[in-house]
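Hi,

Here is the structure I promised to pass on. Have a look at it first, and my notes follow underneath.

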Amino acid sequence: MAQNLLILAGTTEATALARAVAARGIPATLSYAGRVERLPPQSLPHRVGGFGGAEGLARYLSDAAISHVIDATHPFAVQMSRNAVSACASTGVPLIALTRPAWREEQGDRWHRVPDIAAAVAALDRPRLQVMLAVGRMHLQEFAANPQHRYLLRLVDPPGGALPLPDVQVVVDRGPFRSEADRRLMLVHGIQMVVSKNSGGSGAYAKIEAAQSLGLPVLMIDRPVQPSRHEVFDVAAVLDWLGHSGTDRGV
Ligand code: NAP
């Protein structure tokens, strides 16, 4: 069967893979959830929006004659990843995940680890702080339970309307970021604590390095548990897998 890839996107890794695949002339489609207004520059055809659960994805794989699925979604996008495992298992389409190892606490870090967003919200039930809240736009509502803090947000798109937090400053920017710039940002805003998902990867690590250099505590949200699947950490490993035909079907 001729190669025709589906790349589940929304990360810098997906964009890097798309460039490599396009450069080799391999037919492929990038898929985005549609959460951001400005997509990164595209080197491949793309589609936007959910598939309609695992069944919808399975239908899409058959209708579009997809030969391989590369799940390059964010480590916290666990629903999409579960759907990919399930749809690939039911259709027999080979699946690989291009992801990143989690960050590990290093000497000099002051991490307080919490298992999920709800636990991060609970940990912020304390007197006022200046908090850099780096959890993405979708979870802001949950942090409204602690309106006493001044929050600094960094968003990919300008906020279209009112945000659910009363005391908030917004920086609109897209990664990858640099630690020296993040250090300056934290100093300018008098940040006292950073709240972050343990996303892994280099582009989002700048704020963790910056917090370390300033001796700031980081409320680090652990990753959700991903389904069992074949995982690799770089584009070359995906290309290698494709070259060897990706025969480990759906695992
Ligand atoms: P999620 O909770 O795992 O997914 C929820 C639903 O959104 C999925 O069931 C699927 O809808 C749709 N969806 C998610 N990713 C998709 C994709 N690449 N293409 C088509 N549909 C997709 O995902 P999420 O956490 O909302 O993340 C959404 C997107 O943002 C992902 O592409 C992810 O890579 C990116 N992102 C997420 C985070 C994060 O912290 N979660 C951070 C940076 C980037 P259907 O069930 O209808 O198919």
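**Helix H7 and its surroundings**

Helix H7 covers residues 206–214, and its buried residues are Ala 206, Lys 207, Ile 208, Ala 210 and Ala 211. Bear in mind that this is a predicted model. Among the elements that cover those buried residues are helix H6 (179–188) and strands S6 (110–114), S7 (130–134), S8 (150–155), S10 (193–197) and S11 (217–221). H7 lies across S6, S7, S8, S10 and S11, and runs at about 150° to S10. Right after H7 comes Gly 215, with a positive phi near 70°.

Now for the strands. An open sheet is built from 6 strands with parallel pairing, in the order S6-S11-S10-S7-S8-S9. S6 and S9 (168–172) are at the edges with a single partner strand each, so one side of each has no neighbour in the sheet. On average, neighbouring strands here are turned by 20° against each other, ignoring direction. S7 and S10 pair in the parallel sense over 4 bridges, and Ala 134 sits opposite Ser 196 in S10. As for H6, that helix lies across S7, S8, S9 and S10, at about 150° to S8.

Then there are the cores. The largest nonpolar one has 23 residues, and Ile 7, Leu 17, Val 21, Ile 70, Leu 98 and Val 238 have the most contacts inside it. Strands S1 (5–8), S2 (28–32) and S5 (95–98) each give two or more residues to this core, as do helices H1 (12–23) and H8 (235–243). A second, separate core of 20 residues includes Phe 76, Ile 117, Leu 133 and Leu 165.

Cheers

How values were computed
Residues numbered from 1 in each chain as written. Predicted model: local features only at pLDDT ≥ 70, side-chain atom pairs only at ≥ 80, totals over all residues. Heavy atoms only, no water. Core = buried A, V, L, I, M, F, W, Y, C linked by side-chain atoms within 4.5 Å. Buried < 20%, exposed > 50% of the residue type's maximum accessible area, 1.4 Å probe, protein only. Contact = heavy atoms within 4.5 Å. Pairing = 2+ DSSP bridges. Axes fitted to C-alpha atoms, helices over the stretch in contact; angles between N-to-C directions.
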